[in-house]
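Grab your viewer and work through these short exercises with the model open. Each one has a task, then a solution in steps.

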Amino acid sequence: MLIYFFYIFLGDITISRKTRFIDGVKKGIPITFGYVPMGIGYAAIAMKAGFTSLQTISMSFLVYAGAGQIIAASMALSSASVMAIILTNFVVNLRYFVMSTCVLNKIEDANLVQRIFAAHLTVDESFAMFSLSDDSSIWTYLGISLTSWLSWCLGAAIGVVTLNLLPVIVTNSFNISLYALFVAILVPSIKESKQIALLVLITAILNIVLSQFLGNWSLIVSTLAGAAAGMYIVDDEYLLSGDA
């Protein structure tokens with residue numbers, strides 16, 4: 001059965017496909033420099049929230065949502081309900097539907113198993129890297145995305161192993177990784193658009209106010225409210241320019 005799966009997944013690997021896969025791996029290497037430390041930061045939050053080592057690493061392999069994993073671990077740390085965690089991640093990760101669709105529309109000569117696997121490996125960085133590439137081969141995309149996925153899992157594994165050996169003050173410092181991630185994502189857009197800056201401010205204020213009444217559900221409500229407000233605040237020209 002296992003041999004049959006690999007036969008379906010790999011197909012007939014020609015020299016051209018190997019070359020494209022290796023080229024994808026090379027393109028994915030820069031992503032690893034951000035993913036490994038972020039994976040360690042996620043592991044720090046997950047283990048502090050009470051996740052076991054196996055649960056922490058397995059979540060990286062099976063969920064692979066980056067910011068979504070950090071949000072889930074942070075919400076678990078603050079004793080959020082399971083339903084609140086699921087719905088928050090559903091809202092935050094809705095963008096993957098669009099990204100996966102774009103990737104699958106671009107790739108060529110991919111069977112069903114390869115497409116399913118490619119969809120699981122779609123995240124912001126691998127999507128951006130592949131979108132900027134002129135290559136439309138599934139093997140190039142798998143090279144990029146597999147490298148990214150394994151580096152994220154490696155970061156989580158390193159975190160699980162090393163965090164138990166580090167002083168508490170050091171492990172606690174990794175908890176700022178979530179905030180650092182969102183700052184890195186938001187700052188470029190805020191610098192380019194006052195409308196985006198206003199939208200971020202409105203959403204942040206909504207979250208702070210609603211948290212007094214809704215608890216962890218405030219993140220879901222403020223995110224949806226911010227997205228609705230963005231339809232009227234942010235110009236269509238800015239979104240279509242590709243800078244957003």
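This is a predicted model, and its protein chain has an accessible surface of about 13,700 Å², of which 72% belongs to carbon and sulfur atoms.

**Exercise 1. Work out what kind of fold you're looking at: how many helices and strands does the protein chain have?**

Step 1. Count the elements: you should get 14 helices and zero strands.

Step 2. Read along the sequence, and the pattern is α-α-α-α-α-α-α-α-α-α-α-α-α-α.

Step 3. Now check the contacts with a separation of 6 or more: residues 24 or more positions apart account for 74% of them.

Step 4. Finish with burial: of the 244 residues in the chain, 39% are buried.

**Exercise 2. Take helix H4 and decide which of its residues are buried.**

Step 1. H4 covers residues 67-77, and eight of its 11 residues are buried, so the helix counts as mostly covered, with under 20% relative accessible area as the cut-off for each residue.

Step 2. Listed by name, the buried ones are Ala67, Gly68, Gln69, Ile70, Ile71, Ala72, Ala73 and Met75.

Step 3. Step just past the end of H4 and look at the backbone: serine 79 takes a positive phi of about 65°.

**Exercise 3. Search for aromatic pairs, then say what two of them tie together.**

Step 1. The whole structure gives you six aromatic pairs.

Step 2. One of them is tyrosine 42 with tryptophan 152: the centres are 6.0 Å apart and the planes make 25°, which makes this pair stacked.

Step 3. Place the partners: tyrosine 42 is in helix H2 (residues 15-48) and tryptophan 152 is in helix H9, so the pair ties together parts 110 residues apart in sequence.

Step 4. Check their cover: tyrosine 42 has a relative accessible area of 0% and is buried, and tryptophan 152 is buried too, at 3%.

Step 5. Another pair is phenylalanine 117 with tryptophan 149, edge-to-face at 5.8 Å centre to centre and 80° between the planes.

Step 6. Phenylalanine 117 sits in helix H7 (residues 112-120) and tryptophan 149 in helix H9, so here the linked parts are 32 residues apart.

Step 7. Cover again: phenylalanine 117 is partly exposed at 23%, while tryptophan 149 is buried at 12%.

Step 8. Follow the ring pairs outward, and Phe61, Tyr64, Phe117 and Trp149 turn out to be linked into a cluster.

**Exercise 4. Find two charged ends that sit over aromatic rings, then look at serine 136.**

Step 1. The charged end of arginine 95 is over the ring of tyrosine 96, 4.4 Å from its centre.

Step 2. Lysine 106 does likewise with phenylalanine 130, at 4.5 Å from the ring centre.

Step 3. Go to serine 136, in the loop between helix H8 (124-131) and helix H9 (138-163).

Step 4. Leave out neighbours within four places in sequence, and serine 136 contacts Lys106, Ile107, Glu108 and Phe130.

Step 5. Its relative accessibility is 15%, so serine 136 counts as buried.

**Exercise 5. How many disulfides does a search of the whole structure find, and how covered are cysteine 102 and cysteine 153?**

Step 1. The search comes back with zero disulfides.

Step 2. Cysteine 102 is partly exposed, at 40% relative accessible area.

Step 3. Cysteine 153, in contrast, is buried at 4%.

Conventions. Residues numbered from 1 in each chain as written. Predicted model: local features only at pLDDT ≥ 70, side-chain atom pairs only at ≥ 80, totals over all residues. Heavy atoms only, no water. Disulfide = S-S within 2.5 Å. Buried < 20%, exposed > 50% of the residue type's maximum accessible area, 1.4 Å probe, protein only. Helix = DSSP H or I, 4+ residues; strand = E, 2+ residues; numbered from the N terminus. Contact = heavy atoms within 4.5 Å. Phe/Tyr/Trp six-rings, centres within 6.5 Å; stacked < 30°, edge-to-face > 60°. Lys NZ or Arg CZ within 6 Å of the ring centre and 35° of its normal. Areas by Shrake-Rupley, 256 points an atom, 1.4 Å probe, with all protein chains shown as cover.
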